[in-house]
Amino acid sequence: MLRFLTAGESHGPSITAIIEGLPAGISIEKALIDEVLKRRQMGYGRGKRMEIESDKVEIIGGVRKGKTIGGPISIVIKNRDWENWKEKWDKLEPILSPRPGHADLVGAIKYRHLDIRNVLERSSARETAARVCVGAICKIFLLNFNIDVLGYVLGIGRIKTEKRPKNYEEIKDSLFFCADKEYEKRMVKEIDIACENGDTVGGIFEVKAEGIPPGLGSYVHWDRRLDCQLAGAIMSIPGVKGVEIGLGFGYAEKLGSEVHDEIFYKDRFFRKTNNCGGIEGGVSNGESIIIRGVMKPIPTLKKPLSSVNIETKKETKASYERSDVCAVPACSVIGEAMVSFVIAQVFLERFGSDNMEMIEKTYREVVLI
Ligand code: EPS
């Protein structure tokens with residue numbers, strides 16, 4: 001089964017990942033992975049760290065002569081910021097004031113740390129640099145079967161749009177990876193006001209996967225349901241607090257006759273609506289998969305909230321270290337990566353996973369009805 005692990009600390013030497021279970025014979029272009037890494041760093045509202053980093057992937061295992069060889073793929077992204085931290089790394093004063101909303105307090109309790117740095121270094125969203133590399137590799141694999149996955153933004157703070165992009169071209173010059181240009185100025189303002197007040201902003205992103213064959217996932221066990229796997233993958237992104245598939249919470253106020261996507265046939269089964277977001281009974285139905293996530297405002301606040309010193313137990317203000325005001329655009333890129341990973345996982349489960357030749361043959365031959 002396709003799986004991956006990541007390792008590394010936000011201000012340590014590097015972030016790494018190992019991806020296991022991809023077939024042999026996928027052509028891997030490093031430039032495509034670097035492009036996604038760059039996208040993850042973009043977006044209006046990012047902090048000073050993104051000015052230091054210029055993330056590039058190094059593939060150190062599993063790829064030879066530009067193709068996967070079937071073994072685990074190992075990747076490294078160097079933290080440029082390490083140069084500024086390595087001398088002081090072991091001598092830093094402990095951080096004692098947990099930020100509400102962050103992993104600080106629960107991490108200190110769970111791992112018995114008396115220095116919150118041991119928590120924040122690993123819980124930092126910097127780890128998602130490795131995830132987007134994994135996702136980019138999965139996306140490269142899926143593109144061989146004309147499956148394309150795209151993440152974009154629908155809302156920043158109170159500014160929300162219903163406009164969705166048809167492709168990446170439509171959002172690539174947007175400050176928010178948002179298709180609605182008219183909203184851009186208002187989104188900028190939303191962030192600028194929060195920034196002036198020492199505050200942060202969240203928002204909503206959506207991921208659309210097109211070209212999905214029917215039959216991915218299964219209804220036979222809870223954990224094999226595709227919607228379950230996708231929802232878990234989106235919820236695993238730091239800061240995400242809610243997930244919706246297709247119409248999502250909008251189902252609540254509608255009648256059955258209004259929402260279920262009627263079935264038609266012309267060369268293949270198809271629907272004229274897609275309220276179910278491409279998934280019925282935990283299985284893909286051949287329509288586009290649509291999933292949304294909400295990212296909470298980042299917990300690191302310049303104007304800190306009340307907290308308690310973990311050593312003295314006295315009232316204090318939460319610690320503040322340089323941070324982003326808004327990272328929702330980045331979150332849309334990470335969402336795209338996580339969806340690409342899950343789709344690749346269920347795709348390999350359905351069509352085989354050893355080598356591309358075999359998978360392409362099975363894919364062509366599988367009867368889609
Ligand atoms: C991030 C790197 C971090 C933060 C952010 C994401 O860098 P630093 O802590 O050095 O400023 O900008 O981390 C968080 C939002 C978080 O909660 O930890 C990155 O590479 O995306």
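**Ligand contacts and a salt bridge**

In this predicted model, the ligand sits in the largest pocket.

Me: Which residues surround the ligand?
Reply: The ligand is surrounded by His11, Arg40, Arg46, Arg49, Met50, His102, Ser124, Ala125, Arg126, Arg322 and Asp324. This shell divides into six charged, three polar and two nonpolar residues.

Me: What makes the approach of Arg322 to the ligand a polar contact?
Reply: The cut-off for a pair of N or O atoms is 3.5 Å. A polar side-chain atom of Arg322 lies 2.6 Å from an oxygen atom of the ligand, so the pair is within the limit of 3.5 Å.

Me: How do you know that Ser124 and Arg126 make polar contacts with the ligand?
Reply: For Ser124, a side-chain N or O atom is 3.4 Å from a ligand oxygen atom; for Arg126, the corresponding value is 3.2 Å. Both pairs therefore meet the 3.5 Å criterion.

Me: How much of the ligand's exposed area does the protein bury?
Reply: Taken alone, the ligand exposes 470 Å², and the protein buries 91% of that.

Me: Why is the pair Asp55 and Arg126 called a salt bridge?
Reply: The rule requires a side-chain nitrogen of Lys or Arg within 4 Å of a carboxyl oxygen of Asp or Glu. The closest N and O atoms of Asp55 and Arg126 are 2.7 Å apart, so the pair qualifies.

Me: Why does this pair tie together parts that are 71 residues apart in sequence?
Reply: Because Asp55 lies in the loop between α2 (49–52) and β3 (57–61), and Arg126 in the loop between α5 (117–123) and α6 (128–143).

Conventions
Residues numbered from 1 in each chain as written. Predicted model: local features only at pLDDT ≥ 70, side-chain atom pairs only at ≥ 80, totals over all residues. Heavy atoms only, no water. Near = heavy atom within 4 Å. Polar contact = N/O pair within 3.5 Å; in protein donor to acceptor, adjacent residues only side chain to side chain. Areas by Shrake-Rupley, 256 points an atom, 1.4 Å probe, with all protein chains shown as cover. 1 Å grid on protein atoms, 1.4 Å probe; cavity = no way out; pocket = protein on both sides within 12 Å on 5 of 7 lines; lining within 4 Å. Sits in = over half its atoms within 2 Å of the grid points. Nonpolar A, V, L, I, M, F, W, Y, C, P; charged D, E, K, R; others polar. Helix = DSSP H or I, 4+ residues; strand = E, 2+ residues; numbered from the N terminus.
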